[in-house]
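Open the model in your viewer and keep the sequence panel visible. The stops below say what to select and what is there.

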Amino acid sequence: MAVDCRQCPLRALPCFEDLREDELTFIKNFKAGELDVAAGTPILIEHSKSPQLFTVLKGMGIRYKSLEDGRRQVTNFIMPGDLVGMQGAILDDLGYSVEAKTDMTLCVFRRSELWKLFRAHPSRSFDLTWLVCKEEHFLGEALTTVGQRSALERIAWALVHIHDRAFELRLVQDGILAFPFRQQDLADALGLSLVHTNKTLAKLRERNLATWSDGLLRLNDRETLREIALMPELAPRVRPLL
């Protein structure tokens with residue numbers, strides 16, 4: 001059974017903006033249904049055309065680009081509330097792929113109906129612009145990390161960033177995050193070899209700053225990790241949810 005937008009569990013979280021009743025009605029009608037995908041399933045494929053875009057309701061995934069020889073660059077870790085496929089809704093094709101790392105449930109929206117959102121609810125179409133700008137901002141942070149931070153700084157930055165996002169989504173329970181990603185995923189995101197990633201994570205574990213084992217991540221000292229990563233402490237910000 002599809003989740004009614006009015007009872008969406010994500011909308012109950014304080015990290016997401018409230019919507020007026022008329023806006024909720026529009027989004028409910030804009031939503032074409034839900035899609036359940038198993039872990040390991042490609043959701044979007046680079047250079048393809050998709051008639052749909054999605055909001056993640058449950059589960060986690062990765063967004064990445066690939067070279068012809070199979071090497072890849074992970075460009076983001078996908079979590080509940082994320083909008084995926086917007087690029088394909090505006091441009092001729094997608095410049096990235098998305099793969100489910102856990103079983104996922106996606107809210108499905110028709111690409112052909114997108115312009116009705118712009119016409120009927122300009123404030124919500126501004127939300128889409130905000131989300132695209134937020135993604136651009138993150139890519140700038142990620143590029144700076146790969147280009148300028150050391151291996152220790154990179155991994156500290158990634159762990160704090162991912163953990164903070166998950167904490168806002170209430171996915172962190174008793175200080176522990178169920179972390180479905182592989183060390184190779186993290187290495188591919190940060191421009192490191194798997195061996196270097198493993199050794200750097202071991203250093204963090206030896207200093208009792210973070211532990212990642214058996215699919216569980218715990219930040220034992222987030223503040224020190226943030227300082228290692230040279231990250232400013234930013235106040236949480238309410239964000240849109242389509």
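Select arginine 170, which follows α5 and has a positive phi near 60 degrees. Helices and strands here are DSSP runs (H or I of at least four residues for helices, E of at least two for strands), numbered from the N terminus. The model is predicted, with local features needing pLDDT of at least 70 and side-chain atom pairs counting only at pLDDT 80 or more, while totals for chains, interfaces and linings use all residues. Residues are numbered from 1 along each chain as its sequence is written, and side-chain values use heavy atoms, with hydrogens and water left out.

**Helix α5**

Now select α5 itself, residues 151-168. Its 18 residues reach 26 Å from the first C-alpha to the last, close to the 26 Å expected at 1.5 Å a residue. The expected span of a helix is 1.5 Å times one less than its number of residues. Of the 18 residues of α5, 13 are buried, so the helix is largely enclosed by the rest of the structure. Buried means under 20% relative accessible area, exposed means over 50%, and partly exposed is in between (1.4 Å probe, protein chains only).

**α5 against α4**

Add α4, residues 122-148. α4 has 27 residues and reaches 39 Å from its first C-alpha to its last, close to the 39 Å expected at 1.5 Å a residue. Among its buried residues are Arg124, Asp127, Trp130 and Phe138.

How do α4 and α5 pack? Their angle is about 155 degrees and their axes are 9 Å apart. The two helices are therefore roughly antiparallel to each other. Axes are lines fitted to C-alpha atoms, for helices over the stretch in contact, and angles run from 0 to 180 degrees between N-to-C directions. Angles under 35 degrees count as roughly parallel, over 145 as roughly antiparallel, 65 to 115 as roughly perpendicular and the rest as oblique.

To see the contact (heavy atoms within 4.5 Å), show the side chains of Phe138, Glu141, Ala142, Thr145, Val146 and Gln148 on α4, and Glu153, Arg154, Trp157 and His161 on α5. Sorted by class, the contact of α4 with α5 has four nonpolar, three polar and three charged residues. Ala, Val, Leu, Ile, Met, Phe, Trp, Tyr, Cys and Pro count as nonpolar, Asp, Glu, Lys and Arg as charged, and the others, Gly among them, as polar.

**α5 against α7**

Hide α4 and select α7, residues 194-206. The axes of α5 and α7 come within 10 Å and cross at roughly 75 degrees. That makes α5 roughly perpendicular to α7. On the α5 side, the contact is made by Ala151, Leu152, Ile155 and Leu159; on the α7 side, by His196, Thr197, Thr200, Leu201 and Leu204. The contact of α5 with α7 divides into six nonpolar, three polar and no charged residues.

Stay on α7. Its 13 residues should span 18 Å at 1.5 Å a residue, and its end C-alpha atoms are 18 Å apart, which agrees. Which residues of α7 are buried? They are Thr197, Thr200, Leu201, Ala202 and Leu204. What covers these buried residues includes α5, α6 (183-190), β11 (210-213) and α8 (222-228).

**Leucine 186**

Next, select leucine 186 in helix α6. At 1% relative accessibility, leucine 186 counts as buried. Leaving aside neighbours within four places in sequence, leucine 186 is in contact with Phe77, Ile155, Ala158, Thr197 and Trp212.

**Two more positive phi values**

Go to asparagine 208, in the loop between α7 and β11. The phi of asparagine 208 is near 60 degrees, a positive value in a residue other than glycine.

Then select aspartate 174, in the loop between β9 (172-173) and β10 (176-178). Aspartate 174 has a positive phi of about 55 degrees although it is not a glycine. Is aspartate 174 buried or exposed? Aspartate 174 is exposed, with a relative accessible area of 74%.

**Strand β1**

Select glutamate 34, in strand β1 (residues 31-37). At 27% relative accessibility, glutamate 34 counts as partly exposed. Draw a distance from its C-alpha to that of valine 3: the two are 31 residues apart along the chain and separated by 8.2 Å.

**The whole chain**

Finally, zoom out. The protein has eight helices and 12 strands, and buried residues make up 48% of its 242 residues. Along its principal axes the C-alpha trace spans about 55 × 40 × 30 Å.
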